[in-house]
Amino acid sequence: MELRELLQRRRMVRSFDATPVDPEWLDALCAESLLAPSAGNSAGVRLYTLSRALVPDFFNAATDETWRQRSRRAAGLARCGAVVVVTSRPGDYTARYGEPDKASSGLDDIASWPLPYWHTDAAMVTMALLLLIEEGGWHATLWGNFRRGGDVLTLVGARDEELFCSVLIGRGDGHDVPSTSLARKVPPRRDRVRRVG
Ligand SMILES: Cc1cc2nc3c(=O)[nH]c(=O)nc-3n(C[C@H](O)[C@H](O)[C@H](O)COP(=O)(O)O)c2cc1C
C-alpha cells in the first residue's frame with residue numbers, strides 16, 4: 001500500500017472482534033517500527049508485546065473497576081487482539097549525550113533537556129508502528145499515558161522507564177463509539193502549514 005494511502009486510511013479504531021494477533025508477527029512488526037529516527041541513536045525506546053491472553057491483565061492494570069463498568073468503550077476495547085506498551089529510558093539519553101561527541105550539549109543532566117527526546121523517539125516509533133499495523137490489515141487505537149501508568153509499567157516489568165503509550169491492536173468490528181475529539185472544529189490541515197519564506 002502507498003504511504004499516502006496508509007496515512008489516509010489510518011484512523012483510531014476502538015472496538016474489536018477478539019481476533020488474536022499472532023505474537024511472532026507482532027514482535028517482528030515492533031522490531032521494524034524501531035527503524036524510526038532516534039536522537040543521537042540513543043535507542044532508548046522499548047516495546048512490550050502482550051498477546052490476547054494477557055489483554056484482561058492489561059485492562060486490570062490500566063483501568064479501574066468504575067471505568068470498566070461505565071465506559072461505553074470498555075467492552076469493545078477489551079476485545080483487542082494484542083497490546084503493545086511503548087516505553088522509553090531517559091537514562092539512555094543522558095548517557096548518550098554525555099558521550100564525547102555530544103558532551104558539549106550539556107544534556108548529560110536530565111534537568112537540562114528543553115524537550116525530552118525520549119518521548120519524541122517513542123512518538124516516532126509509535127507512528128511507524130501504527131502505519132505498519134494499518135499496512136498489515138489490522139486496526140489500532142493509541143492510549144496516552146494519563147492514568148495508572150505505574151501499574152502498566154509494573155505489569156510489563158519495565159524498570160527505570162517511562163510509559164509513553166499503549167497501542168491496542170485488533171480487527172475492528174464496526175461498533176466504535178465515535179470519539180468526541182473528532183467532533184471538534186479544527187483548522188484545515190493546509191491552514192496549519194505556514195510558509196515563512
Ligand atoms: C499522544 C496521544 C494520546 C492519545 N490518547 C488517547 C487515549 O487515551 N484514548 C483514545 O481513545 N485516543 C487517544 N488518542 C487518539 C486521538 O484521540 C486521535 O488520534 C485523534 O482524535 C484523531 O483521530 P484519528 O487518529 O482517528 O485520526 C491519542 C492520540 C495521541 C497522539
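**View A. The residues around the ligand.** In this predicted model, the ligand is surrounded by Arg11, Met12, Arg14, Thr141, Leu142, Trp143, Gly144, Ser179, Ser181 and Leu182. Sorted by class, the shell around the ligand has 4 nonpolar, 4 polar and 2 charged residues. Met12 and Trp143 are among the residues to look for here.

**View B. The open sheet and its edges.** Here you can follow 4 strands that form an open sheet, in the order β1-β2-β4-β3, with antiparallel pairing. At the edges are β1 (45-51) and β3 (139-144), each of which pairs on one side only. From one strand to the next, the twist averages 20 degrees.

**View C. The pairing of β1 with β2.** Strand β2 covers residues 82-88, and 7 bridges join β1 to it. The two strands run antiparallel. If you would like a landmark, find arginine 46, which stands opposite threonine 87 in β2.

**View D. Helix α8 on the sheet.** Which strands does helix α8 lie across? Helix α8, made of residues 149-156, lies across β1, β2 and β4 (162-170). Its direction is at about 75 degrees to β4.

**View E. Helix α3 beside helix α8.** The axes of α3 (residues 55-62) and α8 come within 8 Å and cross at roughly 150 degrees. On the α3 side, Asp57, Phe58, Ala61 and Ala62 make the contact, and on the α8 side the partners are Asp151, Val152 and Leu155. By class, the contact of α3 with α8 is made up of 5 nonpolar and 2 charged residues, with no polar ones.

**View F. Helix α2 crossing helix α7.** For this last close-up, it helps to recall that two packed helices are described by the angle between their axes and the distance between the axes. Helix α2 (residues 23-33) and helix α7 (residues 117-135) have axes that come within 8 Å and cross at roughly 135 degrees. The two helices are therefore oblique to each other. The crossing in which α2 passes α7 is right-handed. Leu29, Cys30, Glu32 and Ser33 of α2 meet Val125, Ala128, Leu129 and Leu132 of α7 in this contact. The residues of the contact between α2 and α7 divide into 6 nonpolar, 1 polar and 1 charged.

How values were computed
Residues are numbered from 1 along each chain as its sequence is written. This is a predicted model: local features need pLDDT of at least 70, side-chain atom pairs count only at pLDDT 80 or more; totals for chains, interfaces and linings use all residues. A residue is near a molecule or strand if its C-beta atom, placed from the backbone, lies within 6 Å of it. Ala, Val, Leu, Ile, Met, Phe, Trp, Tyr, Cys and Pro count as nonpolar, Asp, Glu, Lys and Arg as charged, and the others, Gly among them, as polar. Axes are lines fitted to C-alpha atoms, for helices over the stretch in contact, and angles run from 0 to 180 degrees between N-to-C directions. Angles under 35 degrees count as roughly parallel, over 145 as roughly antiparallel, 65 to 115 as roughly perpendicular and the rest as oblique. A crossing is left-handed if the near helix is turned anticlockwise from the far one by less than a right angle, and right-handed if clockwise. Two residues are in contact if their C-beta atoms, placed from the backbone, lie within 7 Å. Two strands pair if DSSP finds at least two bridges between them.
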